[in-house]
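This report sets out the computed geometry of a single structure for a reader who works with coordinates. Please inspect the sequence and the model before reading on.

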Amino acid sequence: MAQLSREIALRIALASRVLPGVDVPMLIGILHDKVGSPLDDDKLKAITVTNLKTGIGSLDGEEDGEDIGIGLANIKLAIRYLWGEEAEDENLPEIMPYHEGDMPESIRVAIASNLGTLLNGHFGSCIRFLVYQLSRNDCRLVDIRSTIDADNAEDKNMFRAQLIKDCHVLFIQSIGGPAAAKVIRADIYPIKVPEVIEAAEKLSEFQKVFDAPPPWMAKALGRTAEERKRFILEE
């Protein structure tokens, strides 16, 4: 097999990261099957969404690619990586200044993301976590955390959970049972959001929960046991 150039290898690696269950060797095999070898810029730019869907589907015995369990948005993003259009994500939001105590009655929320400010990442493969400080009336992006070093970790899921261990809530497109258990053990509440949505839109929707927080959230907000008990009785 011909040696891949550094640029081509990077594009394939980035595409693989947004395709849960498809590692780099598997993706290279699909690409060879669809466009031949050696893989170069012209061949990668010839890959289509349909090519990738059917190629991934064939790995799972789903030849029509209709039930592969990977969202269309992720497949389209992978195509952009393969074409070289998303080598760098210039749409990342700006981190805002924040000091502990700036936002009373707030929690910290992690968003699994692969592009800009979208909530479109799976826990085990997202490229980064967008970390927000959230109160009933305020929302502030306080950090952006790359997951690139997770690839070299002995326990990738544990590494990712520790990366956001200061967060109370995690929004992801999907997460497996063993990974979810590690997130929960880190005192993080995982919430699955299957559809692709802007982080700001989801966070704005979630702010309504502050009006009637469940016990785990009331605890994170610093409410006393008596206050939490009184709230449950009032409900």
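Asp33 counts as exposed, at 61% relative accessibility; here exposed means over 50% relative accessible area, buried under 20%, and partly exposed in between, with a 1.4 Å probe and protein chains only. The place of Asp33 is in helix 2 (residues 24-35). Its C-alpha atom is separated by 9.6 Å from that of Asn51, and the two residues are 18 residues apart along the chain.

The model is predicted: local features need pLDDT of at least 70, side-chain atom pairs count only at pLDDT 80 or more, and totals for chains, interfaces and linings use all residues. Residues are numbered from 1 along each chain as its sequence is written, and side-chain values use heavy atoms, with hydrogens and water left out.

**Overall composition**

The secondary structure of the protein comes to 10 helices and 7 strands. These elements are DSSP runs numbered from the N terminus, with H or I over at least four residues for helices and E over at least two for strands. The protein has 235 residues, of which 43% count as buried. Among contacts with a separation of 6 or more, 56% are between residues 24 or more positions apart, where contact means heavy atoms within 4.5 Å.

**The open sheet**

An open sheet of 5 strands has the order 4-3-1-5-6, and its pairing is mixed. Strand 4 (139-146) and strand 6 (189-192) each have a single partner strand, so one side of each is left without a neighbour in the sheet. On average, neighbouring strands of this sheet are turned by 25° against each other, direction ignored; the axes are lines fitted to C-alpha atoms, for helices over the stretch in contact, and angles run from 0 to 180 degrees between N-to-C directions. Two strands are taken to pair if DSSP finds at least two bridges between them. Three of the pairings are tabulated below.

| Strand pair | Sense | Bridges | One bridge partner pair |
|---|---|---|---|
| Strand 3 (residues 128-134) and strand 4 | antiparallel | 7 bridges | Phe129 and Arg145 |
| Strand 1 (residues 107-113) and strand 3 | antiparallel | 7 bridges | Ile111 and Leu130 |
| Strand 1 and strand 5 (residues 169-172) | parallel | 3 bridges | Val109 and Val169 |

Strand 1 is mostly covered, with 7 of its 7 residues buried. In a regular strand the side chains alternate between the two faces of the sheet. In strand 1 both faces are covered: Ile107, Val109, Ile111 and Ser113 are buried on one side, and Arg108, Ala110 and Ala112 on the other.

**Arg145 in strand 4**

Is Arg145, within strand 4, buried or exposed? At 14% relative accessibility, Arg145 counts as buried. Its side chain makes a polar contact of 2.8 Å with the side chain of Asp143, and another with the side chain of Asp166 (2.8 Å). A polar contact is a pair of N or O atoms within 3.5 Å; within protein, one must be able to donate a hydrogen and the other to accept it, and residues adjacent in sequence count only if both atoms are side-chain atoms. Not counting residues up to four places away in sequence, Arg145 touches Arg108, Ile127, Arg128, Phe129, Val131, Leu163, Ile164 and Asp166.

**His122 and helix 5**

His122 lies in the loop between strand 2 (118-119) and strand 3. With a relative accessible area of 9%, His122 is buried. Its side chain makes a polar contact with the side chain of Ser174 (2.4 Å). Leaving aside neighbours within four places in sequence, His122 is in contact with Pro20, Asn74, Gln173 and Ser174.

Asn74 is also one of the buried residues of helix 5, together with Ile75, Leu77, Ala78, Ile79, Tyr81 and Leu82. The 12 residues of helix 5 (residues 72-83) should span 16 Å at 1.5 Å a residue, and the end C-alpha atoms are 16 Å apart, which agrees. The expected span is 1.5 Å times one less than the number of residues. Helix 5 is followed by Gly84, whose phi is positive, near 85°.

**Cysteines**

Cys126 counts as buried at 0% relative accessibility, and Cys167 counts as buried at 2%. How many disulfides are there? The count comes to 0 disulfides, a disulfide being a pair of cysteine sulfur atoms within 2.5 Å.
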